[in-house]
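Visitor: I should like to examine this structure with you and ask on what grounds its features are named.
Guide: Certainly; please put your questions as we proceed.

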Amino acid sequence: MSLLSCEVGARRTRYLRARLQLAHLPFVKTFDQFDFGFQPSIDERQIRELRTLRFIHEASNVVFLGPPGVGKTHLSVALAEAAIQAGFGAYFMTAHDLVTDLARAYREGRLDRRMRVYLAPKVLIIDEMGYLPLDEMGATIFFQLVSARYERGSIILTSNKSYGDWGSIFGDPIIATAILDRLLHHSTTINIRGESYRLKDRRKAGLFPRPEEEADRPAPFPSPEILQNGPRRQGSASPRKTGAPLTAPGRSTNAG
Ligand SMILES: Nc1ncnc2c1ncn2[C@@H]1O[C@H](COP(=O)(O)OP(=O)(O)OP(=O)(O)O)[C@@H](O)[C@H]1O
Ligand SMILES: [Mg+2]
């Protein structure tokens, strides 16, 4: 190998490492480290398609749904890592931290400027949507973010809540519907219905019941067909620019 190609290789490694750091990932894991055999509910064809990164070129979104420990964050991070390797910018935040950050920016009168941090990367990963409910301000800010990225940049989102339960995240079914409408228009949903990888060793030790012992209970997540058809619309809203006043559908200020 020539000195020049060594130097080019080293520079690329440094560049990728810097991009990975900028992406703020909680850990770096790849698809090769994911045991698909452990999670048979995942359609590997869907994953292969996502790995082409076509969804990024199309500014389409990816949503991983499922209970704790099934690999939602792992797969999101793996997609982000692949995107960075391919030269795309990526940024990772939990839903809670993101909304807290933007709410602070709003209070300090710099929402537009701060919003750019989340609009600039081609891929924005929003993790753990639904573990904590959002207040009215949080829901409105989240709506603005999803509207502003709509058809411009991909969102990879993870949630433990099925779409039908998103009303409870936002405290309002109308804003939840408006957000889902934009998020799902161009999107892929990966609905993982397996058991927690974190608990597999403890299950082996007999500390938790096996899923077949819980088989009579209704599945917490709806079938992919239902997801594909989307939630029933309960209202509609017009797109809003980032700079628009901080109001959301269903939360009209009712002037007069
Ligand atoms: N199928 C798998 N093969 C290999 N490792 C896995 C698999 N599923 C999960 N893991 C590992 O188990 C841990 C938990 O996975 P992950 O953080 O992706 O879960 P999650 O679905 O995001 O859960 P939570 O909703 O609690 O955040 C991680 O260390 C992840 O790398
Ligand atoms: Mg997670």
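Visitor: What makes the pair between His74 and ligand 1 a polar contact?
Guide: A polar side-chain atom of His74 lies 2.7 Å from an oxygen atom of ligand 1. A polar contact is a pair of N or O atoms within 3.5 Å, so the pair with His74 qualifies. This is a predicted model, in which local features need pLDDT of at least 70, side-chain atom pairs count only at pLDDT 80 or more, and totals for chains, interfaces and linings use all residues. Residues are numbered from 1 along each chain as written, chains are lettered from A and ligands numbered from 1 in the order written, and side-chain values use heavy atoms, without hydrogens and water.

Visitor: Which distances does ligand 1 show to Tyr131 and to Gly69?
Guide: An N or O atom in the side chain of Tyr131 is 2.5 Å from an oxygen atom of ligand 1, and a polar backbone atom of Gly69 is 2.7 Å from a ligand oxygen.

Visitor: Why is the pair Glu7 and Arg11 called a salt bridge?
Guide: Their side chains meet at 3.7 Å, N to O. The term requires a side-chain nitrogen of Lys or Arg within 4 Å of a carboxyl oxygen of Asp or Glu; therefore the pair Glu7 and Arg11 meets the criterion.

Visitor: How many salt bridges does the structure hold?
Guide: The structure holds 7 salt bridges.

Notes: A polar contact is a pair of N or O atoms within 3.5 Å; within protein, one must be able to donate a hydrogen and the other to accept it, and residues adjacent in sequence count only if both atoms are side-chain atoms.
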